[in-house]
Amino acid sequence: MRPCPRPLDPIDAEAVAAGADPVFAADAATHARECPPCQGLIGAARGLSEALRGVSEAPEVLAAGLAERVCRLRTFSRKERRTYAFWKAPILMTVALVAGGVALLALPSLTASDQMSAGAAALAPLLALARSVNRSVLDLARLAPSGLQALSDGMRQESRLGLLALALLVPLAFGLHRVLARVPGRR
């Protein structure tokens, strides 16, 4: 089978499969009648549409209680919080992590220099992060005056934009005041 010189857009294929007007190519239906690859696209779109229709018409027995199984609308009770089943995964993960750490320290293959090099390898990303934060702060300090100057020039040229920006500071200040009022210990 030859590839189509002018393949249909997937949206057009879905439209033709549904019997609607194509969006991009007005002659998509006539082109698809003559082009086997495009007929395949339309057939695939029809199959997908029928599969989705079958899912949406599924019996409600399958969907009964789905929201209760997915969403938890109340907090856990004291009894639920104390059960092992609730905490089994975090406890087992912690035990595995501690056991793995102890095993790594107890293995004779890791010498003190190996452990130090592993520590240095673990610190390398933190040092890179600190360096990038430092560069970002320096770049911000270097570019802030020219950025403020460009903003000022833009607001001078478009006075309505400047007044709108100033008017938007009022709700921003109100929202910031409300957020800071909720911070514990700040009154």
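In the predicted model, Asp 27 and Arg 6 form a salt bridge in which the closest N and O atoms lie 3.3 Å apart. This pair connects distant parts of the chain, with the two positions 21 residues apart in sequence numbering. Asp 27 belongs to the loop between α1 (10–18) and α2 (28–34), whereas Arg 6 belongs to the segment before α1. Asp 27 has a relative accessibility of 36% and counts as partly exposed. Arg 6, at 38% relative accessibility, also counts as partly exposed.

The structure contains three salt bridges. Besides the pair formed by Asp 27 and Arg 6, there is a salt bridge between Arg 142 and Asp 139, with a distance of 3.0 Å between the closest N and O atoms. Both residues are located in helix α8 (residues 112–157). Arg 142 and Asp 139 are three residues apart in this helix, so about one helical turn separates them. Their accessibilities fall into separate classes: Arg 142 is exposed, with a relative accessible area of 56%, while Asp 139 is partly exposed at 36% relative accessibility. The assignment of Arg 142 as exposed follows because its value of 56% lies over the cut-off of 50%.

Helix α8 also holds Arg 156 and Asp 153, again three residues apart, or about one turn of the helix. These two residues form a salt bridge whose closest N and O atoms are 3.2 Å apart. Arg 156 is exposed, its relative accessible area being 59%. For Asp 153 the corresponding value is 30%, and this residue is partly exposed. Asp 153 does not count as buried, because its 30% is not under the cut-off of 20%.

With regard to the overall fold, the chain comprises nine helices and zero strands. The order of elements along the sequence is accordingly written α-α-α-α-α-α-α-α-α. Among contacts in the chain with a separation of 6 or more, 38% are between residues 24 or more positions apart.

The surface of the chain was also computed. The chain has 187 residues, of which 9% count as buried. Its accessible surface amounts to about 15900 Å². Carbon and sulfur atoms contribute 68% of this area.

Technical notes. Residues are numbered from 1 along each chain as its sequence is written. This is a predicted model: local features need pLDDT of at least 70, side-chain atom pairs count only at pLDDT 80 or more; totals for chains, interfaces and linings use all residues. Side-chain values use heavy atoms; hydrogens and water are left out. Helices (H or I, at least four residues) and strands (E, at least two) are DSSP runs, numbered from the N terminus. Buried means under 20% relative accessible area, exposed over 50%, partly exposed in between (1.4 Å probe, protein chains only). Contact means heavy atoms within 4.5 Å. Accessible areas come from the Shrake-Rupley method with a 1.4 Å probe; for residues, only the protein chains shown count as cover. A salt bridge is a side-chain nitrogen of Lys or Arg within 4 Å of a carboxyl oxygen of Asp or Glu.
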